Amino acid sequence: MSQQIYITNSYKYDQPRVQRAGLRIRGNMSNPQPLEEVYDMSGARLALTLCVTKARKGSEADLDALERMFQQLGFESTMKRNPTAQQFQEELENFQQAMDARDDFISCAFVVLMAHGLEGRLKGEDEKMVELENLFEVLNNKNCRALRAKPKVYIVQACRGEHRDPGETVSGDDIVMVAKDSPQTIPTYTDTLHIYSTVEGYIAYRHDKEGSCFIQTLVDVFTERKGPILELLTEVTRRMAEAELIQEGKARKVNPEIQSTLRKRLYLQ
């Protein structure tokens, strides 16, 4: 028996051809409806920050900014300084176990990871490496019951390579440079948002006293603006793209990278 596939979005299809292929079109394709699904944020909001401060001047400024943001947004925040590679993994697992042991409703969890790094790996205080994918696995829908079908947001402030971006000239507008249904089952890896401080292969930047452009910009936007988190991250990207960083006397550009499997809109305030 052939399985019927329902197409519900508003793209234009060759309807006769689609129907001959055994597909059934449902909904009014000429009248798109607004998105209405949002995550329930009425429960507890939990945050875990793991930060290597050793040989990372300015990281304390980022920790202060994050603590201010989590307090304003109503999170129960835990911060751990200078974890080893093994402790990165252990702290995530302890975080997961503590959530699964709670009886109250949990709305979402934020995990902030800050350290030196390469693509896909972070360097612990002991100079050993930990795989990011192993950390992400801990809270997925299979392994963390308390966060099943709930948003899990990872913020990663770390280099992802050695490349540096000098930027490209853009003609046109002047750019001002600033130096500062509830499903019965769900896939294992949905409801997750990864926010990287830089794109694959490139370094991340941090000021010795003022902290990183990424964390400081993200905190400013998340505390000063309202809207779905993906729209807030678009604003973070815009601000970072317009900023000009100076390293060793040379202008550099940097932008975050966002990877999302969220199924609904996520509002923090």
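In helix α5, which covers residues 213-224, the buried residues are Cys-213, Phe-214, Ile-215, Thr-217, Leu-218, Val-219, Val-221, Phe-222 and Thr-223, where buried denotes a relative accessible area under 20%, exposed one over 50% and partly exposed a value in between, as found with a 1.4 Å probe on protein chains only. The model is a predicted one, in which local features need pLDDT of at least 70 and side-chain atom pairs count only at pLDDT 80 or more, while totals for chains, interfaces and linings use all residues. Residues are numbered from 1 along each chain as its sequence is written, and side-chain values use heavy atoms, with hydrogens and water left out.

Helix α5 is thus mostly covered, with nine of its 12 residues buried; helices (H or I, at least four residues) and strands (E, at least two) are DSSP runs numbered from the N terminus. The end C-alpha atoms of α5 are 16 Å apart, which agrees with the 16 Å that its 12 residues should span at 1.5 Å a residue, the expected span being 1.5 Å times one less than the number of residues. The buried residues of α5 pack against α2, β5, β9, β11, α6 and β13 (245-247), with contact taken as heavy atoms within 4.5 Å. Leu-218, for instance, is in contact with Met-69, Ile-155, Ile-195, Leu-233 and Val-236, leaving aside its neighbours within four places in sequence.

In soluble globular proteins, nonpolar side chains tend to be buried together. The largest nonpolar core, a core being a set of buried Ala, Val, Leu, Ile, Met, Phe, Trp, Tyr and Cys residues joined through side-chain atoms within 4.5 Å, holds 38 residues, of which Phe-110, Ile-155, Leu-218, Phe-222, Ile-229 and Leu-268 touch the most other members. The elements that give two or more residues to this core are β3 (44-51), α2, β5, β9, β11, α5 and α6, and α5 gives the most, with seven residues. Apart from this core lies another, of 29 residues, among them Ala-109, Leu-113, Ala-115 and Leu-139.

Helix α6 (residues 229-242) has 14 residues, which should span 20 Å at 1.5 Å a residue, and its end C-alpha atoms are indeed 20 Å apart. Its buried residues are Ile-229, Leu-232, Leu-233, Glu-235, Val-236 and Met-240. Seen down the axis of α6, these buried residues fall within an arc of 155 degrees, so they line one face of the helix; the arc is that of the directions from the helix axis to the C-beta atoms. The face turned away from this buried side carries the exposed residues Glu-231 and Thr-234. The buried residues of α6 pack against β5, β9 (152-157), β11 (192-196), α5 and β15 (257-260).

The structure also holds four aromatic pairs, in which the ring centres of Phe, Tyr or Trp (its six-membered ring) lie within 6.5 Å, with planes under 30 degrees apart counted as stacked, over 60 as edge-to-face and the rest as tilted. One of them joins Phe-70 and Phe-75 in a tilted arrangement, 5.3 Å centre to centre with 55 degrees between the planes. Phe-75 also pairs edge-to-face with Phe-110, at 4.9 Å centre to centre and 70 degrees between the planes. This second pair links distant parts of the chain, 35 residues apart, since Phe-75 is in the loop between α2 (59-72) and β4, and Phe-110 in strand β5 (residues 106-114). Both Phe-75 and Phe-110 are buried, and ring pairs link Phe-70, Phe-75 and Phe-110 into a cluster.
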